[in-house]
There are 4 protein chains.
Amino acid sequence: MIKVAVVGASGYTGAELLRLLACHPEVEVVSITSRKEKGRLLKDVFPSLALAYPDLHFEDPEPKTLARKADLVFCCVPHRAAMAIVPDLLAAGVKVVDFSADFRLKDPATYERWYETKHTAPELLDEAVYGLPEIWREEIMEAHLVAGPGCYPTSVILPLHPLLSQGLIEREVIIDSKSGVSGAGRAAKLPLIFAEVNEAFRAYGLPGHRHIPEMEQELSFAAGSEVRVSFVPHLLPITRGILSTIYVFPRPGVSGDHLREALKKAYQGEPFVSVLPPGELPDVAHVRGTNQCRLAVVPDERTARVVIISVIDNLVKGAAGQALQCMNLMCGLKETMGLVGPALYP
Amino acid sequence: MIKVAVVGASGYTGAELLRLLACHPEVEVVSITSRKEKGRLLKDVFPSLALAYPDLHFEDPEPKTLARKADLVFCCVPHRAAMAIVPDLLAAGVKVVDFSADFRLKDPATYERWYETKHTAPELLDEAVYGLPEIWREEIMEAHLVAGPGCYPTSVILPLHPLLSQGLIEREVIIDSKSGVSGAGRAAKLPLIFAEVNEAFRAYGLPGHRHIPEMEQELSFAAGSEVRVSFVPHLLPITRGILSTIYVFPRPGVSGDHLREALKKAYQGEPFVSVLPPGELPDVAHVRGTNQCRLAVVPDERTARVVIISVIDNLVKGAAGQALQCMNLMCGLKETMGLVGPALYP
Amino acid sequence: MIKVAVVGASGYTGAELLRLLACHPEVEVVSITSRKEKGRLLKDVFPSLALAYPDLHFEDPEPKTLARKADLVFCCVPHRAAMAIVPDLLAAGVKVVDFSADFRLKDPATYERWYETKHTAPELLDEAVYGLPEIWREEIMEAHLVAGPGCYPTSVILPLHPLLSQGLIEREVIIDSKSGVSGAGRAAKLPLIFAEVNEAFRAYGLPGHRHIPEMEQELSFAAGSEVRVSFVPHLLPITRGILSTIYVFPRPGVSGDHLREALKKAYQGEPFVSVLPPGELPDVAHVRGTNQCRLAVVPDERTARVVIISVIDNLVKGAAGQALQCMNLMCGLKETMGLVGPALYP
Amino acid sequence: MIKVAVVGASGYTGAELLRLLACHPEVEVVSITSRKEKGRLLKDVFPSLALAYPDLHFEDPEPKTLARKADLVFCCVPHRAAMAIVPDLLAAGVKVVDFSADFRLKDPATYERWYETKHTAPELLDEAVYGLPEIWREEIMEAHLVAGPGCYPTSVILPLHPLLSQGLIEREVIIDSKSGVSGAGRAAKLPLIFAEVNEAFRAYGLPGHRHIPEMEQELSFAAGSEVRVSFVPHLLPITRGILSTIYVFPRPGVSGDHLREALKKAYQGEPFVSVLPPGELPDVAHVRGTNQCRLAVVPDERTARVVIISVIDNLVKGAAGQALQCMNLMCGLKETMGLVGPALYP
């Protein structure tokens with residue numbers, strides 16, 4: 001049994017991770033922490049987890065204690081807070097899967113420009129592995145520190161990485177993303193209350209959402225040269241799910257069908273990525289609660305552009321599920337363990 | 001033109017009142033106040049009101065200034081805050097329609113027991129009129145201070161008052177109410193965020209919701225003796241609307257059809273109360289954005305009970321619309337002025 | 001491995017059953033049927049099930065073929081259709097868990113009065129067992145034909161059965177239920193389209209919903225004499241979940257706390273029924289996707305009534321999960337097998 | 001008083017038109033028709049309109065009768081059905097505002113290619129005026145036949161027309177649109193039922209939605225040469241509202257601020273189009289129930305692209321409101337009459 005701890009378990013990604021861990025046959029949750037909820041029982045904060053964890057309660061996040069109890073720590077605190085604790089966890093000898101942005105960007109200057117704060121642990125950026133297993137599987141298996149990707153970047157990099165690395169599309173891409181509200185976290189903010197989100201729809205975070213540098217880093221790696229993306233996120237009045245509509249310009253002589261085949265080949269055998277046949281379009285409802293990413297490629301002969309549509313559950317493949325997938329790899333377990341149930345539909 | 005001011009206009013009831021006032025042909029809004037939003041333009045807080053009030057901005061609530069500018073003040077601040085300002089407004093010679101609970105209960109001891117605070121203006125309780133025009137129309141026309149009813153009580157008193165005053169039902173009633181989220185106000189509270197309300201449904205505030213004494217006061221007046229209600233409110237994952245399902249026990253020899261006829265007769269000619277024919281059931285969607293109350297009476301021969309169902313829009317007939325109806329009466333205008341548009345459906 | 005078939009698998013209860021069966025370690029799905037979708041792949045109708053059942057396709061419901069392939073058949077067709085096929089399935093030697101109303105009522109005359117159709121297999125009513133394991137566990141273990149309870153009755157009988165059988169409450173109960181839309185099935189009907197349900201709320205099916213005789217049958221068994229219920233169902237603008245608010249009248253000398261203790265004792269050790277501590281109220285969101293029923297008992301000292309609130313997921317404990325629980329019992333498996341994951345929250 | 005009739009009044013656009021007409025001071029509704037609902041009272045189909053039209057009932061659509069009673073007919077039937085009746089209405093001497101696609105496209109061959117049906121009244125295409133008053137106001141004032149624009153095209157043409165006609169952007173535009181479900185009409189179709197739309201989000205109608213030729217016709221008129229658009233529509237789980245996110249490529253030397261200023265100038269004085277100041281983004285909730293279009297221009301310096309976001313209520317500015325605006329112009333009334341109330345928010 002792998003012993004794991006969850007730091008910052010009082011948010012939605014933490015709760016989702018605990019939901020998934022409850023069904024994982026090789027994991028034992030030995031500690032959960034939250035400064036805010038310290039001392040409370042998990043089941044009083046999340047009644048949905050009452051039967052799975054009847055006695056678990058929130059503790060203070062003390063790195064040495066966590067390292068003594070756990071083999072691996074999932075760190076679900078926000079950026080800044082993550083880089084304040086992760087170095088101590090690693091120093092104490094425990095593996096870490098971090099959910100924040102703090103270890104995703106290789107260049108600390110880029111981090112500091114987009115996140116407007118000094119990076120306090122730049123020495124870890126080299127060893128941190130970007131936790132997208134379909135791209136960095138080998139590296140994740142050897143990693144001590146995995147930086148879980150952002151939810152939007154997961155929905156964007158999976159479809160674009162193979163196409164850019166094979167030089168099939170131009171490096172200018174336009175990404176129109178729509179996310180459910182749980183992506184904004186479990187926080188009492190006025191723009192998130194029901195009456196402000198329900199029956200509403202809006203773009204936000206323009207022009208420069210913080211997930212952009214992460215997308216551009218990974219896509220530039222893929223392309224071998226700099227990629228610039230136009231990215232517009234929108235807030236959907238649903239709880240879970242991201243759908244990204246991506247407009248690409250195929251290189252001369254490359255058809256939309258060619259792009260679809262390239263994606264099918266790239267993801268053949270991947271348990272969590274499906275490329276839909278022509279005529280079928282993905283729906284966020286079809287991946288609800290799962291670690292799946294579903295992709296469709298739609299050629300538009302009239303304009304010579306191609307539209308790629310991807311869907312994920314932002315809390316699963318976009319956060320907790322992908323982190324668990326990484327943990328499986330880091331711990332030598334079957335990659336799909338604990339991640340195989342079908343979507344909750346309807 | 002009647003000159004009105006709105007104190008505490010940064011909440012949902014204030015915004016709804018301003019929406020209605022924008023279409024009222026005999027009203028000019030001369031001032032809006034909000035301590036929290038002081039100095040900001042209304043349109044920056046509520047873009048939906050940008051065209052109607054391009055230049056209006058939030059001011060500090062200063063009673064003398066308000067009384068100088070306005071003929072009537074709508075007071076949309078919470079209980080406690082209301083009784084702190086209403087006496088000064090009245091003393092300065094302006095009429096007041098108050099939205100809070102502070103002047104609804106005739107007995108200050110009852111107020112203090114349910115609201116757990118001392119009443120600081122008990123001398124006004126006698127002159128305050130309960131602002132349910134279908135019951136207290138004459139008194140409202142003469143009033144200087146009207147206490148707008150709570151949203152739940154409006155949905156309950158309208159159907160029950162005539163039946164109790166005519167002695168047609170027993171004094172034990174069971175009220176199962178369901179309200180949209182806007183009833184909880186425009187406040188950044190964790191239980192109100194979208195991900196906690198969407199796809200969820202729960203009762204709350206048990207066993208003693210603060211709207212109970214108000215219902216019992218008015219229903220006891222109607223019955224001529226004490227009425228005790230069982231009242232369970234629930235939170236609906238919709239923005240607007242209250243539906244109350246009320247279980248009553250007819251007096252011997254009284255049928256459900258008799259009750260329906262009594263209601264039809266009681267509300268004949270009333271512009272805002274409709275009693276549906278047998279077989280038709282009301283939906284909150286049919287009154288969205290309107291000052292309407294729709295009632296159905298359903299006899300259940302198997303159990304000799306009768307079910308009464310009422311629907312209102314909690315922000316209109318349950319708050320701002322009813323207040324405007326009272327204003328029309330207090331100012332000698334046609335009672336329906338500014339309140340006649342159909343519901344927004346779908 | 002238990003071999004099962006699902007007749008009428010193109011509806012929501014069928015799809016939900018297949019979702020649950022996909023995670024059941026001791027079951028193999030050998031056939032699914034649907035007249036309407038005959039020949040189509042399951043994954044083309046329900047993309048959410050694509051990975052779990054990549055090759056399964058809908059066949060014609062032929063009893064002998066089904067009995068040859070399967071040990072047990074789940075029958076998810078509507079009433080009337082069920083009694084047309086179940087006798088042949090049983091005659092062919094296969095066990096059946098039926099989801100319809102056709103075998104729930106012991107008295108064919110009651111069935112015929114409420115369902116307005118002749119019962120064509122009354123000879124099976126005696127041997128059919130009402131599939132509520134918490135009440136009829138022993139009988140289910142021996143049964144060849146189990147009649148899965150309706151969703152509303154499940155939410156009502158679980159809390160009331162122990163209280164009536166112990167004589168703790170009067171036999172007059174008032175049940176105010178609210179159900180998500182999936183309870184109405186996967187059918188293209190105008191009142192079910194999004195624009196008619198969203199931001200709407202209404203009662204329906206008054207005064208005589210067909211789940212009433214089923215509730216009264218089981219509650220009368222419990223009480224040992226006839227029980228009559230007032231029952232009002234409402235349509236919630238959510239996909240899954242039933243919440244029933246039940247108003248009961250304790251017998252003299254019985255307190256609300258007494259009722260709560262009686263329920264706790266009755267369901268001690270039951271894996272799928274939880275009685276919440278005082279002060280906690282259940283939410284349908286806390287059981288989403290699970291076989292759980294959560295109950296709260298709220299005494300109201302002012303009125304000497306007690307409010308009991310129950311929540312279930314109508315598609316799971318109200319249909320497919322409970323059927324699977326019965327299957328486990330009928331096949332000698334652990335009762336909770338395949339039914340233990342936490343709720344999908346948020 | 002203008003006497004109007006509404007043909008095909010049993011759908012959502014018809015109902016919305018009747019809602020707006022109920023508040024129009026210079027209009028009398030003399031007849032409504034619907035083959036399907038013939039003989040029924042309007043209030044039995046749309047209870048929300050009960051008070052406004054207590055006695056109106058659906059009749060058969062008989063052109064000569066309609067022309068005798070009405071000065072102007074709104075035709076809310078689908079394409080094909082429209083061109084079957086509009087010629088007779090015009091021949092009978094009545095003005096027509098048509099909601100369908102039948103008279104929007106100037107070239108019958110384009111119509112026949114996209115709608116896959118023969119155009120049976122091509123002789124009317126020349127005299128039909130595209131009913132977007134901000135572009136074709138003078139022509140609408142003189143028109144006998146106005147073809148109301150599609151909802152998506154309205155949200156797209158308003159922001160792009162001035163920019164293309166002034167040569168400020170390239171003719172390649174990418175349009176990512178999201179629409180509420182009411183745009184799909186009041187029809188009992190499986191993909192529209194609540195459980196299929198709620199908590200779901202998907203693109204649809206790819207690659208060739210029928211609103212494309214209409215956009216391209218009007219934008220090509222503006223540009224003076226052929227414009228080709230990439231257009232991806234998505235289905236939002238809300239009832240009302242369209243948000244279009246439009247990616248444009250400014251001509252060399254043109255900045256995003258320049259584009260915003262050009263739009264502000266183009267729509268200065270227009271009562272129904274607002275260009276938001278920098279930093280403000282539109283939300284469909286801010287125009288709910290209104291004839292408003294709100295536009296934002298967001299420069300993205302990193303990519304030299306500009307994002308334009310527009311919102312409308314698909315049933316109002318996207319259908320019934322715009323039709324009413326046209327009627328006002330055709331009948332010599334003030335253009336804003338009956339269209340001035342603020343949005344229903346929240």
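Asp176(A) and Lys178(D) pair up in a salt bridge, with their closest N and O atoms 2.9 Å apart; the term covers a side-chain nitrogen of Lys or Arg within 4 Å of a carboxyl oxygen of Asp or Glu. The count between chain D and chain A comes to 6 salt bridges. Polar contacts across this interface add up to 32 residue pairs, both partners at pLDDT 80 or more (N or O atoms within 3.5 Å; within protein, one must be able to donate a hydrogen and the other to accept it, and residues adjacent in sequence count only if both atoms are side-chain atoms). This is a predicted model, in which local features need pLDDT of at least 70 and side-chain atom pairs count only at pLDDT 80 or more, while totals for chains, interfaces and linings use all residues. Residues are numbered from 1 along each chain as its sequence is written, chains are lettered from A in the order in which they are written, and side-chain values use heavy atoms, with hydrogens and water left out.

As for the interface as a whole, 50 residues of chain D are in contact with 50 residues of chain A (heavy atoms within 4.5 Å). The two chains bury about 4,000 Å² between them, 56% of it on carbon and sulfur atoms; buried area here is the accessible area (1.4 Å probe) that two parts lose on being put together, summed over both. Glu199(D), Phe201(D) and Arg302(D) supply 19% of what chain D buries against chain A, more than any other three residues.

Turning to salt bridges elsewhere, a search of the whole structure turns up 88 over all chains. In chain A, Arg19(A) and Glu16(A) meet at 2.7 Å, N to O. Both sit in helix 1 (residues 12-21), 3 residues apart, or about one turn of the helix (helices are DSSP runs of H or I, at least four residues, and strands are runs of E, at least two, numbered from the N terminus). Arg19(A) and Glu16(A) are both buried (under 20% relative accessible area, with exposed over 50% and partly exposed in between; 1.4 Å probe, protein chains only).

Chain B offers a longer-range case: Glu170(B) and Arg251(B) form a salt bridge at 3.5 Å, N to O, linking distant parts of the chain, 81 residues apart. Glu170(B) counts as partly exposed because its relative accessibility is 27%, and Arg251(B) is partly exposed at 29%. Salt bridges that share partners also join Glu16(A), Arg19(A), Arg240(A) and Asp313(A) into one network.
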